[in-house]
Amino acid sequence: MEGNRTLLTEFVFRGITDRPELQVPLFLVFFSIYVITMVGNLGLIFLIWKDPHLHTPMYLFLGNLAFSDACTSSSVTPKMLMKFINKNDMISLGECFSQFYFFCSSATAECYLLVAMAYDRYVAICDPLHYVVIMSKRLCVQFISVSYLIGLLHALLHVGLLFRLTFCSSNIIDHFYCEILPLYSISCTDPSINALVAFIFAVFIQVSTFISIIVSYIRVLCAILKTKSGKGRSKAFSTCSAHLVSVSLFYGTLFVIYVLSGSDTDSYQGKMYSLFYTIIIPLLNPFIYSLRNKEVLGALRRLTK
C-alpha cells in the first residue's frame with residue numbers, strides 16, 4: 001500500500017485496436033509476418049554461417065543485424081499475438097520490464113551495428129588496398145561486442161529507472177507492448193527524470209550514430225563518383241543503397257517516436273510508428289539486403305543445389 005492506494009503489479013495492453021471483429025484477421029496477419037520475419041532473418045544467419053564465400057566482415061555484421069532484428073521482433077510479437085486471442089491477457093510488472101529490456105537492448109545494438117556496417121563499406125570502397133588489414137577479425141569482434149554491450153547497458157539504465165515508478169491508478173497500457181512512454185503516462189510517481197533521461201539518451205544515441213553513418217556514406221559517395229569503372233560504380237551503389245534504405249527506415253521512425261513526438265503524438269499514430277520499427281523493419285531487412293545482393297543469391301543457389 002502507498003497511502004490509501006493499492007500498488008498495481010499486473011497490466012493489460014490496450015493493443016492496436018479494440019474492435020473485436022478485427023482481432024482474428026489481425027492475429028493471422030501478424031502471425032504470418034512473424035513467421036516470415038523469423039524465417040528470413042534466421043535463414044540469412046544460417047546462409048552466412050554455411051557458405052564460406054560469405055565469411056567476410058560485411059556479412060558478419062549483416063548476420064548480427066539479422067539476429068538483432070529477430071530479437072526485436074521476438075520481444076514484441078508473441079505477446080501481441082496473445083492479446084489478439086485473449087483480450088484480458090495480463091502481463092506482470094516483471095514481465096513488462098523484461099520485455100522492454102530485451103527490446104531496448106536489441107534496438108540499441110542495431111544502431112551501432114549499422115554504424116559498423118557503414119564503416120566497413122567506407123573502408124572497402126575508400127581504402128580497398130588496406131581493407132583486409134583494417135577490417136581484421138579482431139576489430140569486427142570488437143565492433144559487435146561493443147554494440148551488444150552498449151545495448152545491454154542502455155536498456156539496464158532505463159529499466160533501473162522504471163523501478164522508481166509506482167502504478168496505482170490504471171493498469172491499462174495504451175500500446176501493444178511495454179513501451180516506456182505509455183508507462184510514464186500511467187505512473188503515480190512523477191516520471192520527469194525518466195523522461196528526461198530517455199530523451200537525452202535517445203538524442204545522443206540516434207544522432208551520434210546517424211551522423212557517423214551519414215559521414216561514412218558521404219565519403220563513400222565521393223569515392224564512388226571518382227571511380228572510372230562503370231561496373232565497380234554500379235556494384236558499390238547497389239551495396240550501399242540497400243544499407244541506406246534500411247538506415248532511413250530505422251532511424252526515421254525511431255527519431256519521430258523518441259525525439260520529435262513527446263506528448264503531442266496521437267496515441268494511435270504512435271502505435272503505428274512503433275509497429276513499423278518493431279514489426280515491419282525486421283521483416284523487410286533480410287529482403288532489402290538479400291534480393292539485390294548477388295553474393296547472397298549465389299550462396300542461396302549453391303545451398304539449394
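This passage describes the sheet, the annotated spans, the nonpolar core and several buried residues of a predicted model.

The sheet is open and has three strands. Their order is β2-β1-β3, and the pairing is mixed. Strands β2 (90-92) and β3 (172-173) stand at the edges with a single partner strand each, so one side of each lacks a neighbour in the sheet. Helix α3, spanning residues 93-126, packs on this sheet. It touches β1, β2 and β3. The direction of α3 makes about 85° with that of β2.

The two pairings differ in sense. Strand β1, residues 10-13, runs antiparallel to β2 and is joined to it by three bridges. Within this pairing, Glu-10 has Ser-92 of β2 as its bridge partner. Phe-11 is bridged to Ile-91, also in β2. On the other side, β1 pairs with β3 in the parallel sense, over two bridges. There, Ile-173 of β3 is the bridge partner of Phe-13.

The UniProt record, an unreviewed entry, assigns the feature "transmembrane region" to residues 24-49, 100-119, 139-157, 193-215, 236-260 and 272-291. Two of these spans were examined in the model. Residues 193-215 are 100% helix and 0% strand. The C-alpha atoms at the ends of that span are 33 Å apart. Residues 272-291 are 95% helix and 0% strand, with end C-alpha atoms 26 Å apart.

The largest nonpolar core holds 75 residues. Phe-30 and Leu-114 touch the most other members. Helix α3 gives the most to this core, contributing 15 residues. Beyond four places in sequence, the contacts of Phe-30 are Ile-16, Thr-77, Met-80, Leu-81, Phe-84, Leu-275 and Ile-279.

Two buried residues of α3 were followed further. Ala-116 belongs to this helix. Its relative accessibility is 0%, so Ala-116 counts as buried. With residues up to four places away set aside, Ala-116 touches Phe-61 and Phe-143. Pro-20 is 96 residues from Ala-116 in sequence, and the two C-alpha atoms are 44 Å apart. Arg-121 also lies in α3. This residue is buried as well, with a relative accessible area of 13%, because the cut-off for burial is under 20%. Arg-121 and Met-58 are separated by 63 residues in sequence and by 7.7 Å in space, C-alpha to C-alpha.

The loop between β3 and α6 (180-185) contains Phe-176. Glu-179 is found in this loop too. Phe-176 is buried at a relative accessible area of 2%. For Glu-179 the value is 2%, and this residue is likewise buried. Contacts of Phe-176, not counting residues up to four places away, are Phe-13, Gly-15, Ile-16, Val-76, Met-80, Lys-271, Ser-274, Leu-275 and Thr-278. Among them, Phe-13 is the β1 residue bridged to Ile-173. Ile-16, Met-80 and Leu-275 also appear among the contacts of Phe-30. Phe-176 and Phe-46 are 130 residues apart in sequence, with 30 Å between their C-alpha atoms. Glu-179 and Cys-96 are 83 residues apart along the chain, and their C-alpha atoms are separated by 8.8 Å.

Helix α2 (residues 57-85) includes Ser-73. Ser-73 counts as buried, at 1% relative accessibility. Leaving aside neighbours within four places in sequence, Ser-73 is in contact with Tyr-34, Thr-37, Pro-78, Thr-278 and Pro-282. Thr-278 is also one of the residues touched by Phe-176.

Helix α10, residues 294-304, has a buried side. Val-296, Gly-298 and Ala-299 are buried in this helix. These three cover an arc of only 160° around the axis, which means that they lie on the same side of α10. The face turned away from this buried side carries Lys-294, Arg-301 and Thr-304, which are exposed.

Notes
Residues are numbered from 1 along each chain as its sequence is written. This is a predicted model: local features need pLDDT of at least 70, side-chain atom pairs count only at pLDDT 80 or more; totals for chains, interfaces and linings use all residues. Side-chain values use heavy atoms; hydrogens and water are left out. Two strands pair if DSSP finds at least two bridges between them. Helices (H or I, at least four residues) and strands (E, at least two) are DSSP runs, numbered from the N terminus. Contact means heavy atoms within 4.5 Å. Axes are lines fitted to C-alpha atoms, for helices over the stretch in contact, and angles run from 0 to 180 degrees between N-to-C directions. UniProt positions are given in the numbering used here, feature names are shortened, and annotations may be inferred rather than shown by experiment. Buried means under 20% relative accessible area, exposed over 50%, partly exposed in between (1.4 Å probe, protein chains only). The arc is that of the directions from the helix axis to the C-beta atoms. A nonpolar core is a set of buried Ala, Val, Leu, Ile, Met, Phe, Trp, Tyr and Cys residues joined through side-chain atoms within 4.5 Å.
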